[in-house]
Amino acid sequence: MTKSTPPEKSGSDPDLRGDYSRAGPDYAVEQDWGAYSEKDHALFRRLFERQSKLVPRYACPEWIEAIGGLDAGSGIPRFDQVSKKLKAKTGWEIVAVPGLIPDIAFFTHLANRRFPVTVWLRKPEEFDYIVEPDVFHDFFGHVPLLFDPVYADHLHEYGKGGLKAMHLDAVKMLARLYWYTIEFGLVKTPAGIRAYGAGLISSGGELAYCVTDPAPKRLDFDLEQALRTDYLIDRYQSTYFVIDSFEQLMRETAPDFKPIYDRLRTLPALTP
Ligand code: HBI
Ligand code: FE
């Protein structure tokens, strides 16, 4: 998910709904698990149950394998408990955040194998659609794949690349890569195309759409094309990029991006 203007730490940004007043300089907050209401847990369970019917058919095997060990079906999970398991498996941790955070804070967390997870849950009337990431999107969509060693290493590299891109004034291009992979990526499997992007896996409608609907384009992943292609934030994607494997993603994003940024900067963006 992206937002180019950094939130005000005072919480005075009217566009962002989290409480930033207690955030540290790295935007970390306490999860305060005891403060969730029974209604919050029930809504999380309903979201979980709806998606659970879809993921066996549409999500990638790595995600499916990991969610089983997370015991997340009974309500909003305790981040510290999941962090322990995650740390043991791939060295990643969850860090609780009030919502969207500035790029530099976001990339710094990733570059240190910490994944920022929003603490608040959407309202019942946002069951089907929410603009900003909430705890359901962040946890259900992103966290399971951090148990996959190759994906985990890739996201770590992405974080370091993000800090580099800030110096090179190339965050906009790099954010497109994130969008078309980490948020809305598809992957080839022996059983067919499956979703691994968190925006897809946490979506009630787009998860089936991205795999089966004839309308969208499903292009073989191409790094430069992804870096150049604008994206739609308020409707289903019209273009998806399909990777062969997380190894491919790791390999093709390994080169130094600076010469690529320099070249692509002179070319027009592509429409999705
Ligand atoms: N903050 N909490 C949070 N989650 C994100 O996905 C996020 C963010 N800040 C910045 C950001 N994403 C994007 O600008 C990057 O993905 C490029
Ligand atoms: Fe996300």
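Trainee: Is Glu183 buried or exposed?

Mentor: Buried, with a relative accessible area of 1%. The cut-offs are under 20% relative accessible area for buried, over 50% for exposed, and partly exposed in between, using a 1.4 Å probe and protein chains only. Before we go on, this is a predicted model, where local features need pLDDT of at least 70, side-chain atom pairs count only at pLDDT 80 or more, and totals for chains, interfaces and linings use all residues. Residues are numbered from 1 along each chain as its sequence is written, chains are lettered from A and ligands numbered from 1 in the order in which they are written, and side-chain values use heavy atoms, with hydrogens and water left out.

Trainee: Which atoms coordinate the iron ion (ligand 2)?

Mentor: Donors are N, O and S atoms within 2.8 Å of the metal (3.2 Å for Na, K and Ca); water is not among the atoms, so sites may look incomplete. Here they are His137 (NE2), His142 (NE2) and two OE entries from Glu183, at 1.9 to 2.8 Å. Along the chain, these donors follow the spacing H-x4-H-x40-E. His137 in helix H5 (residues 135-142) and Glu183 in helix H7 sit 46 residues apart, so the pair links distant parts of the chain. Helices here are DSSP runs of H or I with at least four residues, strands are E runs with at least two, and both are numbered from the N terminus. His137 counts as buried too, at 3% relative accessibility.

Trainee: What is the geometry of the site of the iron ion (ligand 2)?

Mentor: Ideal angles are 109.5 degrees for four tetrahedral donors, and 90 or 180 degrees for six octahedral ones. In practice, four donors count as tetrahedral if all angles lie between 85 and 135 degrees; four count as square planar and six as octahedral if opposite donors are over 155 degrees apart and all others between 65 and 115; anything else is irregular. This site has angles of 52 to 137 degrees among its four donor atoms and is irregular.

Trainee: How many residues of H7 are buried?

Mentor: Twelve of its 13. Among them are Val171, Trp179 and Glu183. Just past that helix, Phe184 is found in the loop between H7 and strand S3 (186-189), and Phe184 counts as buried at 6% relative accessibility.

Trainee: Which way do the side chains of S6 point?

Mentor: In a regular strand the side chains alternate between the two faces of the sheet. In strand S6 (residues 239-243), Thr239, Phe241 and Ile243 point one way and Tyr240 and Val242 the other way, and all are buried.

Trainee: Where does strand S5 fit in?

Mentor: Two strands pair if DSSP finds at least two bridges between them. S5 (residues 217-220) and S6 pair in the parallel sense over four bridges, with Asp220 opposite Val242. The chain crosses from S5 through helix H10 (residues 223-228) to S6 in a right-handed β-α-β crossover. Right-handed means that, with the strands pointing away from the viewer, the path from the first strand over the helix to the second runs clockwise.

Trainee: How many disulfides does the structure hold?

Mentor: Zero. A disulfide is a pair of cysteine sulfur atoms within 2.5 Å. The sulfur of Cys60 is 11 Å from the closest cysteine sulfur, in Cys210, so it is too far for a bond. Cys60 counts as buried at 0% relative accessibility, and Cys210 also counts as buried at 0%.
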